[in-house]
Amino acid sequence: MSTEGTYYVPEQSKLPIFAATGMGVMAYGAASWVLEGGSATIFLIGSLIMAAVLYKWWSIVIDENMRGLASPQLKQSYVLGMLWFIFSEVMFFACFFGALFYVRVLVSSWIGGEAAVGWFDDTPTDASAANAQYLYPGYENVWPPMITPDQAVNGDAAQFKGPDEAMNNPGILNWGSWLPFWNTVVLLTSSFTVHVAHVALKDGNRKKFNTWLGITVALGIFFLFLQAEEYIHAYQELGLTLESGIYGTTFFMLTGFHGMHVTLGTAMLLIQWLRGLKGHFSHDDQFGFEAASWYWHFVDVVWVGLFIFVYILT
Amino acid sequence: MAHGPATLSDGLGKYISRWVFTTNHKDIGTLYLWFSFAMFILGGAFAMVIRAELFQPGMQLIKPEFFNQMTTMHGLVMVFGAIMPAFVGLANWLIPMMIGAPDMALPRMNNLSFWILPFAFSILVSTLFMEGGGPNFGWTFYAPLSTTYAPDTVNYFIFGVHIMGASSIMGSINIIATVMNMRAPGMTYMKMPLFVWTWVITAFLLVAVMPVLAGAVTMMLMDINFGTSFFDAAGGGDPVLFQHVFWFFGHPEVYIIILPAFGVVSQIIPTFSRKPLFGYSSMVYATAAIAFLSFVVWAHHMFTVGMPIAGELYFMYATMLIAVPTGVKVFNWITTMYKGSLTFETPMLFSIAFVILFTFGGFTGMMLSIAAADMQYHDTYFVVAHFHYVMVAGAVFSGTAAVYYWLPKWCGKMYDETMGKVQFWIAFIGFNIAFMPQHFLGLAGMPRRYADYGLQFADWNMVSSIGAFMYGGAQILFLYNVIRTIGWGKPTDDPKVWEGAEGLEWTVPTPAPYHTFATPPEVK
């Protein structure tokens, strides 16, 4: 990287083409993996390429920054890049939340033979409700649905079977023994601890920074552990799986994607923690850490949405 | 930098590594443009297969299964491979020059966004040669056609779309960061050329809706392979959910395609009218209004699917509302030309054709937005005609205009005006012969996406096919014109190129140097 005048002009880089190759091999590998009798080999090769490239890429960016090559303008570009990336993630979750709301508010009542909620009780809606009752007689609009429409018609011969039990909200007085509540506590606390770490770093208190960021990473790992416990509980004791009709589908896809993002966020923070131990960052230059902490607050907010709409309002 | 870019005379290895490892916005813009043209030819070849089969009633050349793959791949390749990358290429070339920046904000990510595309489209196109054939469920890939009844190769399609989406998101983030962060001192937002404005709004749309497309294909992937029931009513889901998710992406997507085209035309018309753009700020606000409305009208693609009447009414009126800001734009383009000193070089011809034909396509859109009337028009050739008027005469015409308009600036050579005009007239006439009759076919009830048709549709189909071949031939001429210009065009070093051209890109030397603006230009 060199600078010309007041502007930053980049040099050629071999990173992008390797990254694109890695992504291409991963995509091809993933598609052939999910086919019947497919193997994960190509996908794993792609993942390795990708992991190596990302390691190298970020090493180079960190190194450029440490050597003072990154201009304030470039740093601002990184800030904007991260913010808009988080916005795209918000939209990804909005898609799955939208699916949940659509199913809960409209689809479930339509298949259950009711008119659309609260709007016009007019002919087309009643007609579609009547159609649904013709297709799936006996299906009732309750959330979470313990019996799928398929089951309502075909009983045990159904392809889609509902769960034995749902992740029901036990009532606020019993939250003390309810895992999702503790998950919420853990994640909200971690959002607070990462903020404490940020303030400490800005004050130049590196020891405090390392401690509180370390606590945040530990909380992130603890959250993932609790989430794994909950999945085991769901699969083994509640009979609630990914295949348990639309309830299992929305439950596992929303919490699962959230869990993947927590994993990513924890990895980001862990890397920042290791960097902190190595003496990276200063009280006025800490973007790597800030970006990771923004991401962390984002997964926290998503969880609050999940806690309300997936767990509490059942 | 002391040295310029590697040329072929530096050795083939150096020349190739220049393009593969480049971080230069002009190189990457060129890569995007050539890639998109290659995809344009490929998607065009698919279209030629379709029109050849439909030349006469009955099955002549191909099997219906392959016909379905052709319609699907034509749509996918044209939308995601040809039109979108073409405008990203223009954005790469022009935005830094227009706002006085040395390059894009994140140059390495810029290169990555491009190089994902060849991989994504190799994966997508390779499905045509796999067992079970390529995607055959239409470019809108409605469930359950794309889930329960899809060929196994649908998984390749899904992951191809995933990485292509990643490419689009990265490209858009880069454009947003460039515009927000890299403007030269004095280049305030309301001084930016309209092309920059339309692109930054487009980039916002892309960042907002490409993740939703990723969500849609992820739901498909899970339904197909992992037993979920998003799109299966038997499990409590709903196939219509797919259409909602898809069109929440898909409707902004059509504005993603057309907004940069608006930007191009808003640059070209003032130049050849020798007048500043009429109503600059209203153009900016109209673009923003269109972008906002694009998020709240998606279900007008789904009037016949069975929606509560309140939904039908809402989506109908909201859709009609889009005509207002679009009307503002059309009014402004025409008013820009009013009492101008008009000349009709090739870019201007394409731009005027754009205004006329896009407005025509907009009016058929108004017809389609009427929920009751749409019961008749839905899924007929009327819809095909409508969106080809906005996609081809809209996006592709403006892209062609842009190439003719900026090519002299890019390579320092002038294209042959006569050849350009010949191409324009063949394209213009061929296009209208191809697509105008499809309105009649659709209104008479010919459904889209069928390999065969009733005898009463025979005559207009033959006319349409002849027009399509003509339009296809015009693209070969276009390719010839571009190559001829780059290779043997008349050299020019006039920075302005066009007498009436305004803007920072016309202040730098012609051809544009490899690195523009080593120091920030002054914008008054």
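## Nonpolar core

In this predicted model, the largest nonpolar core comprises 252 residues, and those with the most contacts inside it are B:Ile83, B:Ile116, B:Val196, B:Ala216, B:Val245 and B:Phe354. Helix 6 of chain B supplies the largest share of this core, namely 24 residues. Because domain 1 (1-70) and domain 2 (72-314) of chain A both give residues to the core, it lies between them.

One of the residues with the most contacts inside the core, B:Ile116, touches A:Ala20 and A:Met23 as well as B:Ile163, B:Met164, B:Ala166 and B:Ser167, when residues up to four places away in sequence are left out of the count.

## Interface between chains A and B

Across the interface, 62 residues of chain B are in contact with 62 residues of chain A. On the chain B side, the elements that give two or more residues are helix 4 (107-126), helix 5 (154-181), helix 6 (194-225), helix 7 (239-273) and helix 9 (309-321), and helix 5 of chain B gives the most, with 14 residues. By residue class, the side of chain B that touches chain A divides into 39 nonpolar, 19 polar and four charged residues.

## Packing of helices 13 and 15 in chain B

The axes of helix 13 (residues 381-411) and helix 15 (residues 458-488) of chain B come within 11 Å and cross at roughly 10°, which means that helix 13 of chain B is roughly parallel to helix 15 of chain B, given that angles under 35 degrees count as such. Helix 13 of chain B makes this contact through B:Thr400, B:Val403, B:Leu407 and B:Cys411, and helix 15 of chain B through B:Phe478, B:Val482, B:Thr485 and B:Ile486; the residues of the contact divide into six nonpolar, two polar and no charged.

Note on methods. Residues are numbered from 1 along each chain as its sequence is written. Chains are lettered from A and ligands numbered from 1 in the order in which they are written. This is a predicted model: local features need pLDDT of at least 70, side-chain atom pairs count only at pLDDT 80 or more; totals for chains, interfaces and linings use all residues. Two residues are in contact if their C-beta atoms, placed from the backbone, lie within 7 Å. Helices (H or I, at least four residues) and strands (E, at least two) are DSSP runs, numbered from the N terminus. Ala, Val, Leu, Ile, Met, Phe, Trp, Tyr, Cys and Pro count as nonpolar, Asp, Glu, Lys and Arg as charged, and the others, Gly among them, as polar. Axes are lines fitted to C-alpha atoms, for helices over the stretch in contact, and angles run from 0 to 180 degrees between N-to-C directions. Angles under 35 degrees count as roughly parallel, over 145 as roughly antiparallel, 65 to 115 as roughly perpendicular and the rest as oblique. A nonpolar core is a set of buried Ala, Val, Leu, Ile, Met, Phe, Trp, Tyr and Cys residues joined through C-beta atoms within 7 Å. A residue is buried if 20 or more other C-beta atoms lie within 10 Å of its own, exposed if 12 or fewer, and partly exposed in between; C-beta atoms are placed from the backbone. Domain bounds come from an automatic or database domain assignment.
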